[in-house]
Amino acid sequence: MNAEDIASAIASSDPSLGLRAALALHRLAERVEADHVARARQQGWSWQQIGDALGVTRQSVHAKYGKRLP
Amino acid sequence: MTKHSKPAPWYLPWSTYIDAREEARRRGDRKVGTEHLILGLLREPVLAQALGCDLQTARDALDAMDHDALAAVGIGAAFSAPPIPIDEPIKRSSTSTLKAVLRDHLRATPAAKTAMEESNKEIRRSHHTFPQQLLLTVLELEPPDPAAELIAALGVDRSAARQRLDVERAAA
């Protein structure tokens with residue numbers, strides 16, 4: 001499915017489901033991010049490299065994940 | 001923020017909030033909502049009994065609701081990811097005030113904040129514990145509030161749950 005299909009499916013849907021879907025997508029993105037930050041650390045990436053990949057500072061990525069990941 | 005120690009009920013909002021906040025984190029949410037308050041409260045066996053469901057069932061119900069909502073907008077089951085691992089919530093200092101709780105870095109949604117503030121006022125009158133009162137307050141919410149949607153999805157009988165909580169108070 002391409003982005004246009006997704007947009008039109010979202011546009012045509014019931015708002016209560018559509019709004020819930022929007023939040024579900026945020027949750028999905030957070031889960032994918034957390035999963036792959038953990039993988040990156042396992043593969044020896046520095047916090048700086050992860051920050052660069054996510055477009056944030058090394059401090060902010062460390063503040064978010066540093067407590068739980070080595 | 002006052003530094004001197006305060007007696008209960010001040011520590012109760014704090015530990016309840018930490019449980020809810022970890023549930024929000026686990027789910028990948030950026031704010032602590034009323035549905036996470038319910039998940040946090042389900043860690044208390046008495047409250048889980050009053051609602052007639054357990055924590056894992058409620059977590060699964062929320063995931064199923066996400067799945068259905070995504071399917072409804074044409075995004076299929078292929079798009080899924082595991083929950084974010086969390087530490088078991090650690091109860092924090094009893095000296096923290098409700099204000100400090102509400103300023104914690106994972107913020108509450110306006111509805112969750114209102115529910116916590118109202119419950120904290122209400123316990124002076126109702127003689128429920130803070131977690132009991134918070135559950136009663138959250139049970140009053142109506143869809144599209146996420147807690148109300150979760151309660152509906154779980155098939156919880158709200159008036160029966162309220163009665164069980166009142167029995168709990170009478171027994172205390």
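**Exercise 1. Find which residues lie nearest the centre of the largest pocket, and describe its lining.**

Let's start with the centre: Ala34(A), Lys64(A), Tyr65(A), Arg68(A) and Ile84(B) lie nearest to it, out of 22 lining residues. Keep in mind that this is a predicted model.

Next, take the volume, which is about 540 Å³. Then look at where the lining comes from. H2 and H4 of chain A each supply at least two residues, and H2(A) has the largest share, with 5 residues. Finally, sort the lining by character: 10 residues are nonpolar, 2 are polar and 10 are charged.

**Exercise 2. Lys64(A) forms a salt bridge; work out which residue is its partner and what the pair ties together.**

Begin with the partner, which is Glu30(A); the closest N and O atoms are 3.1 Å apart. Now place both residues: Lys64(A) sits in helix H4 (residues 58-65) of chain A and Glu30(A) in helix H2 (residues 15-42) of chain A, so the salt bridge links parts that are 34 residues apart in sequence.

Last, check accessibility. Glu30(A) has a relative accessible area of 12% and is buried, because the cut-off for buried is under 20%. Lys64(A), at 39%, is partly exposed.

**Exercise 3. Compare the placing of two further salt bridges, Asp63(B) with Arg31(A) and Arg39(A) with Asp35(A).**

Take Asp63(B) and Arg31(A), whose closest N and O atoms are 3.2 Å apart. This pair crosses between chains, running from helix H4 (residues 55-72) of chain B to helix H2 of chain A. Asp63(B) is partly exposed at 27%, whereas Arg31(A) is buried at 8%.

Now turn to Arg39(A) and Asp35(A), which meet at 3.4 Å, N to O. Both lie in helix H2 of chain A, 4 residues apart, about one turn of the helix. Arg39(A) is partly exposed at 40%, and Asp35(A) is partly exposed at 25%.

To widen the view, salt bridges with shared partners join Arg27(A), Arg31(A), Arg27(B), Asp29(B), Asp63(B) and Asp66(B) into one network. Over all chains, the structure holds 18 salt bridges.

**Exercise 4. Describe the second largest pocket, and find which element gives the most to its lining.**

The volume is about 470 Å³. Of 24 lining residues, those closest to the centre are Arg20(A), Leu23(A), Arg27(A), Glu35(B) and Pro146(B). Two or more residues come from each of H2 of chain A and, in chain B, helix H2 (34-41), H4 and helix H8 (146-154). H2(A) gives the most, with 6 residues. By character, the lining divides into 7 nonpolar, 7 polar and 10 charged residues.

Notes. Residues numbered from 1 in each chain as written. Chains lettered and ligands numbered in written order. Predicted model: local features only at pLDDT ≥ 70, side-chain atom pairs only at ≥ 80, totals over all residues. Heavy atoms only, no water. Salt bridge = Lys/Arg side-chain N within 4 Å of Asp/Glu carboxyl O. Buried < 20%, exposed > 50% of the residue type's maximum accessible area, 1.4 Å probe, protein only. 1 Å grid on protein atoms, 1.4 Å probe; cavity = no way out; pocket = protein on both sides within 12 Å on 5 of 7 lines; lining within 4 Å. Points joined across faces, edges and corners; volume = space filled by probe spheres on them. Nonpolar A, V, L, I, M, F, W, Y, C, P; charged D, E, K, R; others polar.
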